[in-house]
Amino acid sequence: MFWIGSGALIIIFLSFRAYINNRIKFHKKIIRDQHSRLYFYLMQGINITLIISGLLFLMLAIVSHVNGFEVIFSSEYDYHIKLNSS
């Protein structure tokens, strides 16, 4: 759970920083081109989605740690979740 929690915190931090940087850079320029506005809103939407997914993974790590569950990802590409109550 440590790696999931720390990865979630890194995703949240970097996405929030990218959201703020994009907003500052695009509001300093005058946006006249429709494509750049679309690109700006697309990037901001992706950043918000990453922030929300990072928060959800962080909540998964906290709840799993508190309840004593362990999420084990197999070495295959399929993800198997094992719940160990030990």
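This briefing covers the fold, the surface, one aromatic pair and one serine. The model is predicted. The chain has two helices and zero strands. Of its 86 residues, 21% are buried.

**Fold and surface**
- Among contacts in the chain with a separation of 6 or more, 53% join residues 24 or more positions apart.
- The chain exposes about 7100 Å².
- Carbon and sulfur atoms supply 68% of that exposed area.

**The aromatic pair**
- The count of aromatic pairs comes to one.
- The partners are Phe40 and Tyr41, with ring centres 5.3 Å apart.
- Those centres lie within the 6.5 Å cut-off, so the two rings count as a pair.
- The ring planes of Phe40 and Tyr41 stand at 55°, so the pair is tilted.
- An angle under 30 degrees would count as stacked, and one over 60 as edge-to-face.
- Phe40 has a relative accessible area of 8%. The cut-off for buried is under 20%, so Phe40 is buried.
- Tyr41 has a relative accessible area of 57%. Exposed means over 50%, so Tyr41 is exposed.
- The pair therefore joins a buried ring residue, Phe40, to an exposed one, Tyr41.

**Ser64 in helix H2**
- Helix H2 spans residues 34-67 and includes Ser64.
- Ser64 is buried, with a relative accessible area of 5%.
- The Ser64 side chain reaches the backbone oxygen of Leu60 at 2.9 Å.
- This distance of 2.9 Å is within the 3.5 Å cut-off for a polar contact.

Key: Residues are numbered from 1 along each chain as its sequence is written. This is a predicted model: local features need pLDDT of at least 70, side-chain atom pairs count only at pLDDT 80 or more; totals for chains, interfaces and linings use all residues. Side-chain values use heavy atoms; hydrogens and water are left out. Rings of Phe, Tyr and Trp (its six-membered ring) pair if their centres lie within 6.5 Å; planes under 30 degrees apart count as stacked, over 60 as edge-to-face and the rest as tilted. Buried means under 20% relative accessible area, exposed over 50%, partly exposed in between (1.4 Å probe, protein chains only). Helices (H or I, at least four residues) and strands (E, at least two) are DSSP runs, numbered from the N terminus. A polar contact is a pair of N or O atoms within 3.5 Å; within protein, one must be able to donate a hydrogen and the other to accept it, and residues adjacent in sequence count only if both atoms are side-chain atoms. Contact means heavy atoms within 4.5 Å. Accessible areas come from the Shrake-Rupley method with a 1.4 Å probe; for residues, only the protein chains shown count as cover.
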